Amino acid sequence: MKYLSTRNKNLSASSSMCILEGLSKEGGLFFFDSIPSLDLNECLKMNYLELAIEVLKKFLTDFSEEEISACVHNAYDDSFDTEEITPIVKVKEDWILELFHGPTSAFKDVALQILPHLLTTSLKIQKSDQKILILTATSGDTGKAALEGFKDVENVKIMVFYPKDGVSEIQKKQMVTTKGNNCTVLGVDGNFDDCQKAVKQCFTDEDLINILSDHNTQFSSANSINVGRLLPQIVYYVKSYLDLVRRHEIEMNEKINVSVPTGNFGNILAGYIAKQMGVPIEKFICASNENNVLTEFIQTGIYNANRTFVKTNSPSMDIVVSSNLERLLYWLSQDDALTAQMMTSLKEKGQYEISSFMKEKLQKEFYASCVTQKETEEMIQKVYEEDHYLMDPHTAVAYKTLLDFKKENINSYKTIVCATASPYKFMDTVMKSIDSTSEDEFEMMERCEKLTNVKIPKNLKNLKNETVRHHKNISIDEIKEEVIRVVSHD
Ligand SMILES: *Cc1c(COP(=O)(O)O)cnc(C)c1O
């Protein structure tokens, strides 16, 4: 299997090289030259880990099966609170795919628990003796999931930068209590965009790259543009389809839809890849919040990033530039020059438009709609009252979008809705929807558990008494100095 840059097909790399490098040199993303197929009947008898090995070995073609197996076991043997890893739960006639049973209660754990192992194995395959420094700017969920994945991983250091006043109390507490000798967590005086911009600049700062090189270290990214984050997410689409077959909810080869709360387009793209591998998914329901750039794009074929960023109650989907969409555009057009042209237009004019041929192809597979913050709260309340199922705001956005889809009578297949976070991560919105709020998020957790009988995840329950280990706050201008301090310290 070869990986090609979406902006220049002549730049190709092996799987281990892609995982180490993250982005292609000219700024393109790596994508496959062809997508392998899976024998679903063969997979029917596999558990999550066996299936993960089966899927990954088709893509990581310069890894040995033993190496892949070791990565999978290290990632999933005991870090999730259920052996199923990603269980499904029936709500009315559809199914919720719970992706939040990992160590930080957000779906990013599925990929970030295995990425560090894929990365260190890639170093071995490339016979590199380099060390890795991961820099991550976070608006909340990614930071903690990356810290939990990378803590105490040999030859890797990780630094997380979060906007000091821009994350929830729980998210902050999750990050600043992280153990692990290779972790640095810093509050930054600025908003998420400031953090992200400053961190991105570090990756191309010649001076920093030289200092790292003197310490035999290279930068890498835990961001979802890395194929090492995309591949592990294919597995749960296959797994949940087979679960429906195993429960006699559907016959093998019967079609389903999936509804995905979408931000950077990584999760939904993994579902699309699962379809190309043979999972019979008819429609991808792309759910957005008030940051509805993707809804407009899928409906009109015009991607317009010239819009105001809205801070919503489903913050992990607050986004204006959805990076993984580039991979879909490349795959649908099979045209690297065209993809490069669209990305240049996005950079220079903040917008691009696809041809009507491409738009037709896109609309055949994807349905899109968006949900207001108020509708999100109403959905949480309605599903809780009618079905006794407690959703987090991101999941509620996907569920509401499914209801919009049903109203249009496009098809009547069963649908899997991705649940991307535990409701306990977003107590303020959840309690506002079903009861009442208070200042203290831990008090709300206790009250929510009593009211709903939904158990507080262990990691969040214990959080209150964890010791704060990372106290430092810095200004944007101090980020570089901190990076130098961390690489120089052995
Ligand atoms: C990151 C995230 C999303 C968005 O996923 P993408 O792969 O970026 O589309 C949705 N919900 C939650 C809770 C997330 O953390």
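Visitor: Over how many bridges do strand S1 and S2 pair?
Guide: Strands are DSSP runs of E with at least two residues and helices are runs of H or I with at least four, both numbered from the N terminus, and two strands pair if DSSP finds at least two bridges between them. Strand S1, which covers residues 3-5, meets that criterion with S2 in the antiparallel sense, and the number of bridges is three.

Visitor: What pLDDT do local features need in this model?
Guide: Residues are numbered from 1 along each chain as its sequence is written, and side-chain values use heavy atoms, with hydrogens and water left out. The model is predicted, so totals for chains, interfaces and linings use all residues, whereas side-chain atom pairs count only at pLDDT 80 or more and local features need pLDDT of at least 70.

Visitor: Which residue in S2 is the bridge partner of Leu4, and what angle do neighbouring strands of the sheet make on average?
Guide: Three strands form an open, antiparallel sheet in the order S2-S1-S3, with strand S2 (8-13) and strand S3 (30-32) at the edges, each pairing on one side only. Within this arrangement, the partner of Leu4 in S2 is Ser12. With axes taken as lines fitted to C-alpha atoms, and with direction ignored, the average turn between neighbouring strands is 45 degrees.

Visitor: Which loop holds Gln334, and is this residue buried or exposed, or in between?
Guide: Most residues other than glycine have a negative phi. Gln334 departs from this pattern with a phi near 55 degrees, and its place is the loop between helix H14 (325-333) and helix H15 (336-349). Buried means under 20% relative accessible area and exposed over 50%, with partly exposed in between, for a 1.4 Å probe and protein chains only. Because its relative accessibility is 36%, Gln334 counts as partly exposed.

Visitor: What is the relative accessibility of His388?
Guide: His388 also has a positive phi, of about 50 degrees, although it is not a glycine. The residue sits in the loop between helix H17 (373-387) and helix H18 (393-407). It counts as exposed because its relative accessibility is 62%.

Visitor: Why is Cys286 in no disulfide, and how far is the closest cysteine sulfur?
Guide: A disulfide is a pair of cysteine sulfur atoms within 2.5 Å, and a search of the whole structure finds zero of them. Cys286 is buried at 0% relative accessibility, whereas Cys370 is partly exposed at 27%. The closest cysteine sulfur to that of Cys286 belongs to Cys370 and is too far for a bond, so the value asked for is 10 Å.

Visitor: Which side chain has an N or O atom 2.9 Å from a nitrogen atom of the ligand?
Guide: Among the 15 residues around the ligand, each with a heavy atom within 4 Å of it, Lys108, Gly263, Asn264, Asn267 and Thr420 come nearest. Polar contacts are pairs of N or O atoms within 3.5 Å, and an oxygen atom of the ligand is 3.0 Å from such an atom in the side chain of Asp141. Another pair joins a ligand oxygen and a polar backbone atom of Gly266 at 3.3 Å. The side chain lying 2.9 Å from a nitrogen atom of the ligand is that of Thr420.

Visitor: What separation do the C-alpha atoms of Phe150 and Leu230 have?
Guide: Phe150 lies in helix H7, residues 141-150, and counts as buried because its relative accessibility is 0%. Phe150 and Leu230 are 80 residues apart along the chain, and the separation of their C-alpha atoms is 17 Å.

How values were computed: Axes fitted to C-alpha atoms, helices over the stretch in contact; angles between N-to-C directions. Polar contact = N/O pair within 3.5 Å; in protein donor to acceptor, adjacent residues only side chain to side chain.
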